[in-house]
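Hi,

Here is the structure I said I would pass on. Have a look at it first, and then read my notes below.

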Amino acid sequence: MPQYIGGYWTPEQQEIYDTYASACSSFTRAQEAMFVSGERSWDEYDDYIAELTAMGGGKMNQLYKDYMEMVVSQLGYGN
């Protein structure tokens, strides 16, 4: 398996990461700046989350959850 972030992705996980990570990261950074500067209202936060989810953010979130569950399991925590 390819090594990444101190662990390993399966080929399927790597494909998800390669497909969505860059776009989600760029979008998040841009939106954070807009919220902080006041260019985008905090009243639109739910819209932002929906936009991020639609562009693959939900898949990225699940990817990291699955990865952390694997790490915790390998370290023997939660047993």
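**What turned up**

One thing before the details: this is a predicted model.

Let's begin with the inside. The largest nonpolar core has 12 residues in all. Its members are W9, Y17, Y20, A21, C24, F27, F35, Y48, L52, M60, L63 and Y67. Two elements, α1 and α2, each give two or more residues to this core, and α1 gives the most, with 6 residues. If you want one residue to click on there, try A21: leaving aside residues up to four places away in sequence, A21 touches I16 and M60. M60 is itself listed in that core, alongside A21.

Next, the charged side chains. How many salt bridges does the structure hold? There are 2, and R40 takes part in each of them. One pairs R40 with E44, where the closest N and O atoms are 3.0 Å apart. The other pairs R40 with E51, and here the closest N and O atoms are 3.2 Å apart. That second pair links distant parts of the chain: R40 lies in the loop between α1 (11–37) and α2, while E51 belongs to helix α2, and 11 residues separate them. Through the shared partner, R40, E44 and E51 are joined into one network.

Are these three buried or exposed? R40 has a relative accessible area of 8%, so R40 is buried, the cut-off for that being under 20%. E44 comes out at 32% and so counts as partly exposed. E51, with a relative accessible area of 35%, is also partly exposed. So the arginine of this network is buried, whereas its two glutamates are partly exposed.

Last, the surface. W42, Y45 and I49 together make a nonpolar patch of about 310 Å². Y45 is worth picking out: its place is in helix α2, which covers residues 45–75. With a relative accessible area of 36%, Y45 is partly exposed. Residues in such a patch need over 30% relative accessible area, so Y45, at 36%, clears that cut-off.

If you only have a minute, start with R40 and its two partners, E44 and E51, then turn to the patch around Y45.

Cheers

How values were computed: Residues are numbered from 1 along each chain as its sequence is written. This is a predicted model: local features need pLDDT of at least 70, side-chain atom pairs count only at pLDDT 80 or more; totals for chains, interfaces and linings use all residues. Side-chain values use heavy atoms; hydrogens and water are left out. Patches are made of residues with over 30% relative accessible area and no salt bridge: like charges are joined within 9 Å, nonpolar side chains (Val, Leu, Ile, Met, Phe, Trp, Tyr) within 5 Å. Accessible areas come from the Shrake-Rupley method with a 1.4 Å probe; for residues, only the protein chains shown count as cover. A salt bridge is a side-chain nitrogen of Lys or Arg within 4 Å of a carboxyl oxygen of Asp or Glu. Helices (H or I, at least four residues) and strands (E, at least two) are DSSP runs, numbered from the N terminus. Buried means under 20% relative accessible area, exposed over 50%, partly exposed in between (1.4 Å probe, protein chains only). A nonpolar core is a set of buried Ala, Val, Leu, Ile, Met, Phe, Trp, Tyr and Cys residues joined through side-chain atoms within 4.5 Å. Contact means heavy atoms within 4.5 Å.
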